[in-house]
Amino acid sequence: MKKVLIINGGQHFAHSGGKFNKTLTGWTRYYFENQLGAEVLITDINDPYTPEEEVKKYVWADLIVYHTPIWWFQLPHKLKEYIDYVFTAGHQNGIYKNDGRSRSKDNPKLHYGTGGLLHGRKYMLTTSWNAPTEAFTVKGEFFEQHNVDEVLIGVHKMNQFAGLSQAESFHFHDMEKEVTPEKIEEYRQEYIKHLENIFPLGARGL
């Protein structure tokens, strides 16, 4: 059976209440459980957790789904703390063995980042931004036509370091100034289509 770990990185801080990422987690859980018959585990980083138990979830899962807002162009602090603790606990314990470099005298500087232990598994990243899509796509705008995945290269390299392969990301924009019930429903439909394209109904594997 397919096994999916969903990590809800939404959190309460300042004017952010984490409500959208909780809703998004529900959409994801429904799709994988009800449409694909997958077994699903959920970690909410606002709840108490034990790093060693979270490592076991990573090792268990075929797919890890990250749902996170973006604060100041990075992961919010509680999610980053979660990753720091869990990946550290996963050193030589299921997530990564070492940094991958050979200890031989011939090429001691090569193959960095190849010591991951989660090969054969995938991850998918979703993010929610106040920034509009145009901030990434229009020439002369803030991100200078670098897409979200380029801006968040550190997140992707972190997962690659652990041996995970990337499934196509999905990003939500204008989630403060332009958010309405109609926009949320539009995004829900677009997101479900995204899941159907990557993990189609009737698929046997992830």
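Here are some worked exercises on this predicted model.

**Exercise 1. Find which residues of helix α2 are buried, and work out how they sit around the helix axis.**

Start with the helix itself, which covers residues 51-60. Go through it and pick out the buried positions: Pro51, Glu54, Val55, Lys57 and Tyr58. Now look down the axis of α2: these buried residues fall within an arc of 155°, so they line one face of the helix. Last step, ask what they pack against: the partners are the strands β1 (3-8), β2 (39-44) and β3 (63-69), plus helix α3.

**Exercise 2. Take the aromatic pair of Tyr66 and Tyr123 and classify its geometry.**

Begin with the distance: the ring centres of Tyr66 and Tyr123 are 6.4 Å apart, and the cut-off for a pair is 6.5 Å. Next, take the planes, which meet at 70°. Since angles over 60 degrees count as edge-to-face, that's the label for this pair. Then place the two rings: Tyr66 belongs to strand β3 and Tyr123 to strand β4 (residues 122-128), so the pair links distant parts of the chain, 57 residues apart. Both Tyr66 and Tyr123 are buried.

To round this off, turn to the rest of the aromatics. The structure holds 21 aromatic pairs. One aromatic cluster is made up of Phe20, Trp27, Phe170, Phe172, Tyr187 and Tyr191.

**Exercise 3. Compare the settings of three threonines, Thr68, Thr28 and Thr133: is each one buried, partly exposed or exposed?**

Thr68 first. You'll find Thr68 in strand β3. Its relative accessible area is 0%, and because buried means under 20%, Thr68 counts as buried. Leaving aside neighbours within four places in sequence, Thr68 is in contact with Asn21, Leu75, Pro76, Leu79, Leu125, Thr126, Thr127 and Ser128.

Thr28 comes next, in helix α1 (residues 19-35). Thr28 is buried too, with a relative accessible area of 0%. With neighbours within four places in sequence set aside, its contacts are Ile6, Val65, His67 and Tyr191. Now try a C-alpha distance: Thr28 and Leu195 are 167 residues apart along the chain, yet 8.5 Å separates their C-alpha atoms.

That leaves Thr133, in the loop between β4 and α4 (134-137). At 35% relative accessibility, Thr133 counts as partly exposed. From Thr133 to Val148 the C-alpha distance is 9.3 Å, with their positions 15 residues apart in sequence.

**Exercise 4. Say where Gln92 and His111 lie, and what is notable about their phi angles.**

Check the location: Gln92 is in the loop between α3 and β4, and His111 is in the loop between α3 and β4 as well. Then read off phi. Gln92 has a positive value of about 55° although it isn't a glycine. His111, again not a glycine, has a positive phi of about 75°. For Gln92 there's one more step: at 60% relative accessibility, Gln92 counts as exposed.

**Exercise 5. Describe the second largest pocket and its lining.**

Volume comes first: about 220 Å³. Of the 13 lining residues, the closest to the pocket centre are Gln74, Leu75, Lys80, Gly154 and Val155. The elements giving two or more residues to the lining are α3 (77-89) and α6 (153-161). Finally, sort the lining of the second largest pocket by class, and you get nine nonpolar, two polar and two charged residues.

Key
Residues numbered from 1 in each chain as written. Predicted model: local features only at pLDDT ≥ 70, side-chain atom pairs only at ≥ 80, totals over all residues. Heavy atoms only, no water. 1 Å grid on protein atoms, 1.4 Å probe; cavity = no way out; pocket = protein on both sides within 12 Å on 5 of 7 lines; lining within 4 Å. Points joined across faces, edges and corners; volume = space filled by probe spheres on them. Helix = DSSP H or I, 4+ residues; strand = E, 2+ residues; numbered from the N terminus. Nonpolar A, V, L, I, M, F, W, Y, C, P; charged D, E, K, R; others polar. Buried < 20%, exposed > 50% of the residue type's maximum accessible area, 1.4 Å probe, protein only. Arc of directions from axis to C-beta. Contact = heavy atoms within 4.5 Å. Phe/Tyr/Trp six-rings, centres within 6.5 Å; stacked < 30°, edge-to-face > 60°.
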